[in-house]
Structures are given as C-alpha cells and as structure tokens.
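Open your viewer and get ready to click along. We will go from stop to stop, with something to select at each one.

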2 protein chains.
Amino acid sequence: MTARKEKIIIREVSLRDGLQSIGRTVPTGQKLEWLAAAHGAGVREIEVGSFVPARLLPQLADTAELLRAARAFDGLQASVLIPNLKGAERALDAGADLMLLPLSASLQHSLANLRKTPDEVVGEMARIRAARDASGSRTLIEGGIGTAFGCTLQGYVAPDEVLRLAQALLDAGADRISLADTVGYADPARVAELFGRVRAAVGDRLHGAHFHDTRGLGLANTLAALQAGVRRFDACLAGIGGCPHAPGASGNVSTEDLAFMLDSMGYETGIDLERILQVRALVAGHLGDVPLHGALWRAGLPKTRASAGANGRTA
Amino acid sequence: MTARKEKIIIREVSLRDGLQSIGRTVPTGQKLEWLAAAHGAGVREIEVGSFVPARLLPQLADTAELLRAARAFDGLQASVLIPNLKGAERALDAGADLMLLPLSASLQHSLANLRKTPDEVVGEMARIRAARDASGSRTLIEGGIGTAFGCTLQGYVAPDEVLRLAQALLDAGADRISLADTVGYADPARVAELFGRVRAAVGDRLHGAHFHDTRGLGLANTLAALQAGVRRFDACLAGIGGCPHAPGASGNVSTEDLAFMLDSMGYETGIDLERILQVRALVAGHLGDVPLHGALWRAGLPKTRASAGANGRTA
C-alpha cells in the first residue's frame, strides 16, 4: 500500500433517509445522541433531516434544531434534503452546510412522489440557485438524481436521460450532483456504465453515490462506483431505510459494512470501526423492532485486525 | 450488450457447506427435493456432500446415496468434498464427477481443523491423483484452498503462501484449484491482488471462487474475482453456511442474490431467477429456525424485469 491513503467520504444519512423510509419518530434527544456518537466515531458528513412540511414527515420536524446542534461539532458538514424553493429558504435560514434537491430520473416516479416532472425540478434548481446567491450564503447545492437506474413504476431508466438531467441540473446552478439507486435497480455493470458516462461528461461535479441494498447488491455497486472514480458514498447506520414497495426489504447500504470494506481495501474513511459498531448498537437500541440490516455487527471485526494494523495489512 | 452472453457457473454448495456449518440434519428425501428443485431452476453443478466419517458429520452420511440419485439429472455435475485418500476412494467408488480436497492456507487453521500441515495435504493430493489414475476414473480433482485470505486463529494470510500452495497442489496432480474466503477475511482489493497473481501463475487452472458473506462483502468480493477472470462461483441457497466462530453470522454468498447480480450484469448463468427464489422458499421451509440470509427474496425481482427482457435490458 502507499504510505498516504486515499480518502473516501461516507455521508451518514440515517437521520433523514433512514427515518423517513421507516416512518419511525425518534425523539430529538436520541437523534442528538446518534449525531454525537457518529461524529465521535469519525463521521464528518451527516444528513440531519429534511425541510419538507412537518405534516408530511413529522419524524423530521426537528430538522432546524438538529442543524443548530450540529454547529457544535468540529468539522462536521450538516446537510438537509429540500423538496423545493421554500425548503431551500428554510435551509438557508437555518444555516445548512449543504442542501440536496432530489430529482427522480423516472418520470412516473417523479410524478407520483414529487408531483413534478424532472424538468420542473430542474426549473426549481434554477430558482434555488438564485435564492442562494441572493442570500450571500455559502450553502452548497447538490442535485440528487434518484431512481437513476429504474423504479418499480417505470422499470429501467435509460442512461441517456440521466445524463441529460445531470447536465441540466448543473446548468441550472447545482454545485454538484449525485446519483442514487433508490429501490435496488442498479447492478455493477449498469453502475460502471452510468457513473462512467456521467463522470466523463461532468467530471468531479458528479460528487457522490447513494445505493440501497434492496436486492443485496449495495456494496458490489459501491465497488463499481468506486472504480468509476466516486469518492463519496451515502450510507445508513444498521442499514435502515427500507423500501416502501417491499415491506421488510433491506434499506440503504450499511455504514458500518461500507466503512469496513473501504478500510479493509486500504482507503482512509476517518471512521473508527470499533466505535461505529458501538454507534450501530446505540441506534439499534433506539429503534426497537424496526428491521435492521448489515452483516459486520454479527461477526465482529477480524480478530487479529488490531495487531495487523488499522486495515489488517502488516506492510 | 453482446448478442452472445458470457457464461458464469454457479456451483450450489448448500447440501455440503451449508448443512455442514449449520449442523442441521436434513432427511435424505428433503435433500433430494432441494437437488431436484435446484436442477429444475437451472443449476448444473451441485456439491452434494462430503466423504468424511459419518460420526464426524452425521448430517452428511447420505452422500453416496445423493451421488447415485444425482445421476438421474441431465447434465448435472455432482461433486463431493473429500478429506483425504480414504474419502477419495469412496468418491471414486461412488462415481462422483468431481472431488474437492480442502487445504487451509493458514497453518494454524490447518492444524486445528484438518490436523495436518498444508504441505501434508499437498502430499495427500499426490496420493489421491495416483489413486484416481490407477482407477481409470474420470473424476475431476479440485484442490480447494481455504482461509486463503486469513482466519480467526492466525489473522491475515500472505498471498505468497497461497501462491506457493496453489502451485504445489497443481504440481501434485490437482486438475484445478479454487480459492475460498472461509471466514470473511477477504475484501475486493485483496481479492483482485490474490486472484490476479494466482491466475497469472496458473491460468484457468484457477477454476473457482468460494466466498462467505461473513462481514457483508460476499458479492463485492465476487465482483472483484469476476473482474480478475473467475467464471465459477460457489454459493448457498438462502445464504446458509454460517461461521463456527460467530454464531448467527451470515454464511456463504446467497445463490439467489448472486444469480440475480450476474444475470442483471448480462451474464448467462442458466438459472431461472423466479424458480431459484421458489427453491429458496423450499429450503427455508425445511430449515425452520436456522438463520437465513440474502436480500433478493424480501424485495423480489424488479417488477418490470420480464417485460424488459431476461436481464432487464431492452437492447
């Protein structure tokens, strides 16, 4: 291995995507415990909530409070999801470090979930960029292209359409974009193709990947995206997240399994594996009977890991 | 995709590795149901048992009977594990298509589990090859190098040692070798390195990979081995297999998730995904409260898969 390890960022999204999908309300105090524990384990990017109307997602109604609390943690980038310009204004007011506007590449999923066409979301991106610039804020804007591989309503989505939307979001003012496999339609071949093509077109402005493990391919897809040059991955502690169309199905890629894979491969994630397993246990304790996922916690770390060096390599 | 799809073989090992690890005795009639159902779903290589003394593994005592029954299935390669020359003689008598002699690359694991050094196993391989040749049988001999990445007793294993043992097994008369990550010490970087080096040295005589999903990396490791040129993978229905050192830990890579990944990527496995999910349900029914693994069965196949073609691709 090289003396200086390459960095990979894991963005923890359980407080937003995880809790949104499983529909469980966790008290703000417990969320703050998660946040502090995750930061303590080395996580430096956390999506803390969503500025959607509280009546739609009451479990995320404390997002502004979490953003405020996040300021106390050294070097923490606290991000939020925003559904539209109104959400962006709240995010700017609350001082989010980054706001993520989701767009569904699947027209049918977009109409069903966002009640807008993808191109109407691109229009909203332009208004959000104007509002950010007018505010003088340094809040980053990420366009998150969901159902980038397909969805249950429409089936597979054509890479050309994702490429078009990626460029349109950037042209409309997004600072960066990310691609999400929202419901498990990606596979390593499609990931290599789509991430490769989008990266060839927009370079490092393709800034992240968000994989669900719905059909078990989460980490294999992650590996394919890593090979395509992606260096930031979303994940959820205990693999929460689920899939509204498949009760009990596995959710987001598990943070602890992802951190273990990257660390084992010789990358630097900044995450302490023993501590992140403790954070998983904390989260599991708060979630009670919610189905949890991930494999590492059952087996534990390789026994001789510590003596062989941080990533088990002796050289 | 190309018009003609590349073939990948999945060898089903639940009747041997799965049942051995979980210590559950399944009646022979139920095993024959699994075997018939797996064959019906398109599986063409099945490890049906092990010729170890029945007092050690009573759940595999019906191996000869399963081998006999396997002859009735068109195009089925029925293989068995053999611990030594005596097991090989039984396999030759019973007409196994292939016999796999396991060797542990970890000296400590080898001494603890096989009560021999790796080099003593290489010596046994030479005697087995001589017996096979003397018998005039066409039974193939595979040397299966287990703990090829490490084990709980010894920690990580040096690739140089695996390379040396691979060559030694072939020199001693193995027709082919395979590499196994027995307890979840592999990661995609190590897989790329080790499989790449062994393949460079012995070519296609490196004939298979056997991954456990102990720490969640089973399919990511599979992808790395696939990229290194491997075209045959062991797997277990419902991901059974477990790990004797970690009660409840996930076992072998799940056959149904693996078949789904390969099929989605455009490879031809010969396995019908809907039918293999039915076989999984059959196995699950027979196993009762044994912990099962895998993700696909919970979410099901992508909804529009059939209409989009066998692998979801429209082109």
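Start in chain B by selecting I22(B), which sits in helix α1 (residues 14-22) of that chain. Keep in mind that you are looking at a predicted model. Is I22(B) buried or exposed? Neither label fits: I22(B) is partly exposed, because its relative accessible area is 25% and buried would require under 20%. Now show what surrounds I22(B): leaving aside residues up to four places away in sequence, I22(B) touches I240(B), G241(B), L287(B) and V290(B). Add L57(B) to the selection as well; 35 residues separate I22(B) and L57(B) in sequence, while their C-alpha atoms are 11 Å apart in space.

**Over to chain A: a strand with two partners**

Next, select strand β5 (residues 140-146) of chain A, where six of the seven residues are buried. Bring in strand β4 (residues 98-104) of chain A, which pairs with β5(A) in the parallel sense over seven bridges. To find one point of this pairing, pick L101(A), whose bridge partner in β5(A) is G143(A). Then add strand β8 (residues 176-181) of chain A: β5(A) and β8(A) also pair in the parallel sense, over four bridges. Here, look for G144(A) opposite S178(A).

**Into the core**

Which residues have the most contacts inside the largest nonpolar core? Select I145(A), F195(A) and F211(A), together with I145(B), F195(B) and F211(B); the core holds 197 residues. In soluble globular proteins, nonpolar side chains tend to be buried together.

**Rings to look at**

Over all chains, the structure holds six aromatic pairs. For one of them, zoom in on F195(A) and F211(A), a tilted pair with 5.9 Å from centre to centre and 50° between the planes. F195(A) belongs to helix α8 (residues 188-202) of chain A and F211(A) to strand β9 (residues 206-211) of chain A, so their pair ties together parts 16 residues apart in sequence. Both F195(A) and F211(A) are buried. Show F149(A) too, since ring pairs link F149(A), F195(A) and F211(A) into a cluster.

Finish in chain B with F149(B) and F195(B), both buried. Their rings form a stacked pair, 6.4 Å centre to centre with 25° between the planes. F149(B) lies in the loop between β5 (140-146) and β6 (150-151) of chain B and F195(B) in helix α8 (residues 188-202) of chain B, so this pair ties together parts 46 residues apart in sequence. Other residues that F195(B) touches include L179(B), L206(B), F211(B) and V230(B).

Terms used
Residues are numbered from 1 along each chain as its sequence is written. Chains are lettered from A and ligands numbered from 1 in the order in which they are written. This is a predicted model: local features need pLDDT of at least 70, side-chain atom pairs count only at pLDDT 80 or more; totals for chains, interfaces and linings use all residues. Side-chain values use heavy atoms; hydrogens and water are left out. Buried means under 20% relative accessible area, exposed over 50%, partly exposed in between (1.4 Å probe, protein chains only). Helices (H or I, at least four residues) and strands (E, at least two) are DSSP runs, numbered from the N terminus. Two strands pair if DSSP finds at least two bridges between them. A nonpolar core is a set of buried Ala, Val, Leu, Ile, Met, Phe, Trp, Tyr and Cys residues joined through side-chain atoms within 4.5 Å. Contact means heavy atoms within 4.5 Å. Rings of Phe, Tyr and Trp (its six-membered ring) pair if their centres lie within 6.5 Å; planes under 30 degrees apart count as stacked, over 60 as edge-to-face and the rest as tilted.
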